[in-house]
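Hi everyone, thanks for coming. I'd like to walk you through a structure that is new to most of you, so please have a look at the screen.

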Amino acid sequence: VQLQASGGGLVQAGGSLRLSCAASGRTYMMGWFRQALGNERDFVAAISWSGRVTDYAGSVLGRFTISRDDAKNTMYLQMDSLKPEDTAIYYCAADRNRSWVSRAPSEYESWGQGTEVTVSS
């Protein structure tokens, strides 16, 4: 399945952005990861195939919300109360074999191209 991420941009600290990830077909487990300059790719959030189970990294818990609309084959990441340390390229990922949630990049078979988020102080 092909993934297309969008919605990134420049925002001031305390602001909000909504990222979208459009899939070319039905997916099961989906997630968001981010990679800041010079850092490894880190887990941000994941959502199960049903949408009932979600998981968040501690650094974004309470500020970010992951959701999905399977009628549109699209996943979202609502990011509120953004901080400069949220600056990164955000990647969406999906898997058609696992229905639960995972923080391991190796368990996702498909990746989007990334969308850049910059939070100014």
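Let's start here: which strands form an open sheet, and in what order? There are 4 of them, and the order is β1-β3-β8-β7, with antiparallel pairing. Before I go on, please keep in mind that this is a predicted model. At the edges of the sheet you find β1 and β7, each of which pairs on one side only. From one strand to the next, the twist averages 15°.

Now let's look at β3, covering residues 17-23. Is this strand mostly covered or mostly open? Mostly covered: of its 7 residues, 5 are buried. On one side, β3 is joined to β1, residues 3-6, by 4 bridges, and the two run antiparallel. If you want a pair to find on the screen, look for S6, which stands opposite S20 in β3. There is also the pairing with β8, residues 74-79, where 6 bridges join the two strands, again antiparallel. Here the pair to find is L19, with L77 of β8 standing opposite.

Hold on to L77, please, as we turn to the nonpolar core. As a general point, nonpolar side chains in soluble globular proteins tend to be buried together. In our model, the largest nonpolar core has 33 residues. Which of them touch the most other members? They are W32, L77, M79 and Y90. The elements giving two or more residues to this core are β1, β3, β4 (29-35), β5 (42-47), β7 (64-69), β8, β9 (88-95) and β11 (115-120).

Next, empty space. Rolling a probe the size of a water molecule over the atoms shows where such space is left. How many cavities of 30 Å³ or more does the structure hold? The count is 1. The largest cavity has a volume of about 40 Å³. Its lining is made of A23, G25, R26, T27, M30, R68, D70, N73, T74 and M75. Sorted by type, the lining residues are 3 nonpolar, 4 polar and 3 charged.

One name in that lining deserves a second visit: N73. Where is N73 found? In the loop between β7 and β8. Most residues other than glycine have a negative phi. N73, however, has a positive phi, near 50°. Its relative accessible area is 22%, and because buried would require under 20%, N73 counts as partly exposed.

S81 is another residue with a positive phi, about 50°, without being a glycine. You'll see S81 in the loop between β8 and β9. Is S81 buried or partly exposed? With a relative accessibility of 42%, S81 is partly exposed.

My last stop is E107, in the loop between β9 and β10 (110-111). At 28% relative accessibility, E107 is partly exposed as well. How far apart are the C-alpha atoms of E107 and D95? They are separated by 7.3 Å, while the two residues are 12 apart along the chain.

So, to take one picture home: an antiparallel open sheet in the order β1-β3-β8-β7, and a core of 33 residues in which L77 is one of those touching the most other members. Thanks for listening!

Note on methods
Residues numbered from 1 in each chain as written. Predicted model: local features only at pLDDT ≥ 70, side-chain atom pairs only at ≥ 80, totals over all residues. Heavy atoms only, no water. Buried < 20%, exposed > 50% of the residue type's maximum accessible area, 1.4 Å probe, protein only. Pairing = 2+ DSSP bridges. Core = buried A, V, L, I, M, F, W, Y, C linked by side-chain atoms within 4.5 Å. Axes fitted to C-alpha atoms, helices over the stretch in contact; angles between N-to-C directions. 1 Å grid on protein atoms, 1.4 Å probe; cavity = no way out; pocket = protein on both sides within 12 Å on 5 of 7 lines; lining within 4 Å. Points joined across faces, edges and corners; volume = space filled by probe spheres on them. Nonpolar A, V, L, I, M, F, W, Y, C, P; charged D, E, K, R; others polar.
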